[in-house]
Amino acid sequence: MSNPEMYSLNSRKVAEATDEWLKKRGVTKEAIAELVHFLQKEYFPDLTAEDCIVHVDAVLSKREVQNAVLTGIQLDILAEEGKLMAPLQDMIKHDEGLYGCDEILALSIVNVYGSIGFTNFGYIDKLKPGILVRLNDKKDGEIHTFLDDIVGAIAASAASRIAHRKQAEREGVTQPPLD
């Protein structure tokens, strides 16, 4: 027996919404791939932008990642619109240093890709290269308190995925871990 009124999530729509909202917020897969390349170029000099995009796509295909992206972007937008209750509104608007929920949401992404994901995330979060510079700039009126960490986490996860796959290749393993 199935109930036509029963809730059913359409995975394709969630994936499409994730891609759409990243684009609306000015984040391209190419920009994330640049961060991935930044993290891995020293270890894999032959790594191409196209390779990096493949791994960014793989990370973005995960439901846990899509959930974090959609949640974080919505919180940033609500803060831009002044629709959060005090004091949360001010904490997110000003990217309060002691407010760590943005990093916790991002860590839910890197958690999928093992401990190397955590170290990659910490490194890129500290340096804030590439698109992270723009996402951290508070001058344009946009709020990216969550999105900057989410983008860093996606890049860190894709970089970790590359590292795991390259190690599997060296070992001759046909089914690499952490797909």
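Before we start, one definition: a helix axis is a line fitted to the C-alpha atoms over the stretch in contact, and the angle between two axes runs from 0 to 180 degrees between N-to-C directions. Keep in mind that this is a predicted model.

**Exercise 1. Work out how helices α2 and α3 are arranged, and which residues bring them together.**

Step 1: Find the helices. α2 covers residues 29-40 and α3 covers residues 49-60.

Step 2: Look at the geometry. The two pack at an angle of about 110°, and their axes are 8 Å apart.

Step 3: Put a word to the angle. Values from 65 to 115 degrees count as roughly perpendicular, so α2 is roughly perpendicular to α3.

Step 4: List who takes part. From α2 come Lys29, Glu30, Ile32, Ala33, Val36 and His37, while α3 brings Ala49, Cys52, Ile53, Val56, Asp57 and Leu60.

Step 5: Sort them by class. You should get eight nonpolar residues, one polar and three charged in this contact.

**Exercise 2. Describe the overall fold of the chain and decide how compact it is.**

Step 1: Check the secondary structure. There are nine helices and zero strands, so the pattern along the sequence is just α-α-α-α-α-α-α-α-α.

Step 2: Compare sizes. The radius of gyration is 17 Å, close to the 16 Å that the globule rule gives for 179 residues, so the chain is as compact as a globular protein of that length.

Step 3: Picture the box. Along the principal axes, the C-alpha atoms fill roughly 55 × 55 × 25 Å.

Step 4: Look inside. Of the 179 residues, 40% count as buried.

Step 5: Ask how far contacts reach. Taking contacts with a separation of 6 or more, 73% of them join residues 24 or more positions apart.

**Exercise 3. Find the residues that touch the most other members of the largest nonpolar core, then follow one of them.**

Step 1: Name them. In this core of 45 residues, they are Val27, Val36, Val56, Val151 and Ile154.

Step 2: See which elements chip in. Those giving two or more residues include α2, α3, α4 (63-80) and α6 (101-110). The largest share, ten residues, comes from α9, which spans 147-171.

Step 3: Follow Val27. Skipping neighbours within four places in sequence, Val27 is in contact with Leu22, Ile32, Ile131, Arg134, Leu135, Leu147 and Val151.

**Exercise 4. Decide whether Arg25 and Arg12 are buried or exposed.**

Step 1: Place them. Arg25 lies in the loop between α1 (11-24) and α2, and Arg12 is in helix α1.

Step 2: Apply the cut-offs. Under 20% relative accessible area is buried and over 50% is exposed. Arg25 has 8%, so Arg25 is buried. Arg12 has 51%, so Arg12 is exposed.

Step 3: Check the surroundings. Not counting residues up to four places away in sequence, Arg25 touches Ile73, Asp76, Ile77, Glu80, Arg134, Leu135, Ile143, His144 and Leu147. As for Arg12, its C-alpha is 9.8 Å from that of Ser61, with their positions 49 residues apart in sequence.

**Exercise 5. Track down backbone details in three loops.**

Step 1: Go to the loop between α4 and α5, where Pro87 lies. The peptide bond from Ala86 to Pro87 is cis, with omega near 0°.

Step 2: Move to Asp95, in the loop between α5 and α6. Asp95 isn't a glycine, yet its phi is positive, about 50°.

Step 3: Finish with Lys128, in the loop between α7 and α8. Its phi is also positive, near 50°. With 23% relative accessibility, Lys128 counts as partly exposed.

Terms used
Residues numbered from 1 in each chain as written. Predicted model: local features only at pLDDT ≥ 70, side-chain atom pairs only at ≥ 80, totals over all residues. Heavy atoms only, no water. Helix = DSSP H or I, 4+ residues; strand = E, 2+ residues; numbered from the N terminus. Parallel < 35°, antiparallel > 145°, perpendicular 65-115°, else oblique. Contact = heavy atoms within 4.5 Å. Nonpolar A, V, L, I, M, F, W, Y, C, P; charged D, E, K, R; others polar. Core = buried A, V, L, I, M, F, W, Y, C linked by side-chain atoms within 4.5 Å. Buried < 20%, exposed > 50% of the residue type's maximum accessible area, 1.4 Å probe, protein only. Rg over C-alpha atoms; globule rule 2.2 N^0.38 Å.
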